[in-house]
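Student: Please take me through this structure one part at a time, and explain the terms as they come up.

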Amino acid sequence: MKAFLYHFHGIDEFDFSSLEPGDLLRVQKAAASRGYGILPTVYLRRENLPRLVAVIREYHALRQADAVPNIAGFAIEGPLLGPQGGIPRAGRWYPSAEEWATLASIGPLGLRYIVMAPDAMALEDHIDDGLTLADLLVSFYEQGVRIAVGHFHRDAPQRSADRLRAVLDFLHGRYVSSPYLVLTDHLYNDTPRNFQHAWRTPAERARRDEELKRVLSPDWREADLCELLGPVPAAMLAAAQESLLYPCINFDGHHVDLEICRRTVDYLGTDRLIALTDHTEVSTMAQEQLSRSEHNPLWLRDDGAVAAGSSGYEQQRRNILSLGLGEAAVRRMFVTNPLAAISYQVRAA
């Protein structure tokens, strides 16, 4: 296997958010032709829930027949996400208790994780019909579906960090503790921050050296990262060091500047990071049209918000090598770590 693509949104002509059951064998062929293992990541429109269930049921049948060996399952990004961020607009909504139960029920069939804003509410807050956030988490984990934390709210960063920690404490208290018990969306993106993490336009790049120096000059091991980076990034890095979650980072150079990627690898080590491409090869996502600007290769919504990247494994591999990290680091972050994370089985404590 050349790479395991743990979180991305489309290959060839297939937007994973719009797949039909009959597309799966062709997606398998596309992945196999490139030597990739893949975990297709879906933005779920409410009206598409029945179709997603049908896709994952068909995936399970094909998997049992060993017909889709390069597809390791599916992930969903949303729908319980913060209000900011370049997601397809229809991919953010509030499921009913019945809809949540439907999502949990496809865990044994192949749904591996769901990206969720852990700060959307407190653990004891009710979602629907008496269901609390804690109940929802248990319903997922009992069916083998883990959460990947991300898409935080931006209005109260310390509250967001506190709620993240509460979710981590709750899950690690209920299940056998492992760094793979809680996953993440990519570090620094869709997160309240105290620093600039990417410079995507000529005007922004004119400020890059000065703003980058501000975040990289301090020694992260000595600095107050809560003050330097913000409460949420600091909490995620601390949790990674405590083996309470397994973070991901994007090496396309546009989601996060490569020098910040370098510093993060230096701080955590390649054994604590998954390389996440978050890219698509299709100009639509969840039935919404995307475009690109002249300034960078990112896919944009019609309002200019970043929706996804277009730089896949090959470009990100080159970027990692350009940082002097070597092929062993590429394989660790693109194969060993994501495969270990996805193959992990949740066990009650």
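**Strands and their partners**

Tutor: Let us begin with strand β4 (residues 36-42), which pairs with β5 in the parallel sense over 2 bridges. Within that pairing, Val42 of β4 has Ile76 in β5 as its bridge partner. Strands here are DSSP runs of E with at least two residues, helices are runs of H or I with at least four, and both are numbered from the N terminus. Two strands count as paired if DSSP finds at least two bridges between them.

Student: Before we go on, what sort of model is this?

Tutor: This is a predicted model, in which local features need pLDDT of at least 70 and side-chain atom pairs count only at pLDDT 80 or more, whereas totals for chains, interfaces and linings use all residues. Residues are numbered from 1 along each chain as its sequence is written, and side-chain values use heavy atoms, with hydrogens and water left out.

Student: OK, back to β5, are its faces covered or open?

Tutor: Both faces of β5 are covered, since Phe74 and Ile76 on one side are buried, and Ala75 and Glu77 on the other are buried as well. Buried means under 20% relative accessible area, exposed means over 50%, and partly exposed is in between, using a 1.4 Å probe and protein chains only.

Student: And which strand does β5 (residues 74-77) join through 4 bridges?

Tutor: Those 4 bridges join β5 to β6, and the two strands run parallel. One of the contacts has Ala75 with Tyr113 in β6 as its bridge partner. Strand β6 also pairs in the parallel sense with strand β9 (residues 146-149), again over 4 bridges, and there Ile114 has Ile147 in β9 as its partner.

Student: Why is β6 called largely enclosed?

Tutor: Strand β6 (residues 111-116) has 5 of its 6 residues buried, so the rest of the structure largely encloses it.

Student: Changing topic, how many aromatic pairs are there?

Tutor: A search of the whole structure finds 11 aromatic pairs. Rings of Phe, Tyr and Trp (its six-membered ring) pair if their centres lie within 6.5 Å, and planes under 30 degrees apart count as stacked, over 60 as edge-to-face and the rest as tilted. In one of these pairs, the ring centres of Tyr59 and Phe74 are 5.6 Å apart with the planes at 80°, so the pair is edge-to-face. Because Tyr59 lies in helix α2 (residues 49-64) and Phe74 in strand β5, this pair ties together parts that are 15 residues apart in sequence. Tyr59 and Phe74 are both buried.

Student: What about Trp220 and Tyr267?

Tutor: Trp220 and Tyr267 also form an edge-to-face pair, with 5.9 Å from centre to centre and 70° between the planes. This pair links distant parts of the chain, with Trp220 in the loop between α7 (208-216) and α8 (225-228) and Tyr267 in helix α10 (residues 258-268), 47 residues apart. Both residues are buried.

Student: Next, helices: how do α4 and α5 cross?

Tutor: The axes of helix α4 (residues 133-142) and helix α5 (residues 157-174) come within 11 Å and cross at roughly 45°. Axes are lines fitted to C-alpha atoms, for helices over the stretch in contact, and the angles between N-to-C directions run from 0 to 180 degrees. The two helices are therefore oblique to each other, given that angles under 35 degrees count as roughly parallel, over 145 as roughly antiparallel, 65 to 115 as roughly perpendicular and the rest as oblique.

Student: Last topic, where is Pro79, and what is its peptide bond like?

Tutor: Pro79 is in the loop between β5 and α3 (97-105), and the peptide bond from Gly78 to Pro79 is cis, with omega near 5°. Most residues other than glycine have a negative phi, and most peptide bonds are trans.

Student: Which residue between β2 and β3 should I look at for phi?

Tutor: Look at Asp12, which is found in the loop between β2 (10-11) and β3 (14-15) and has phi near 50°, a positive value in a residue other than glycine. Asp12 is partly exposed, with a relative accessible area of 35%. Gln287, which is not a glycine either, has a positive phi of about 70°, and its place is in the loop between β13 (284-285) and β14 (288-289).
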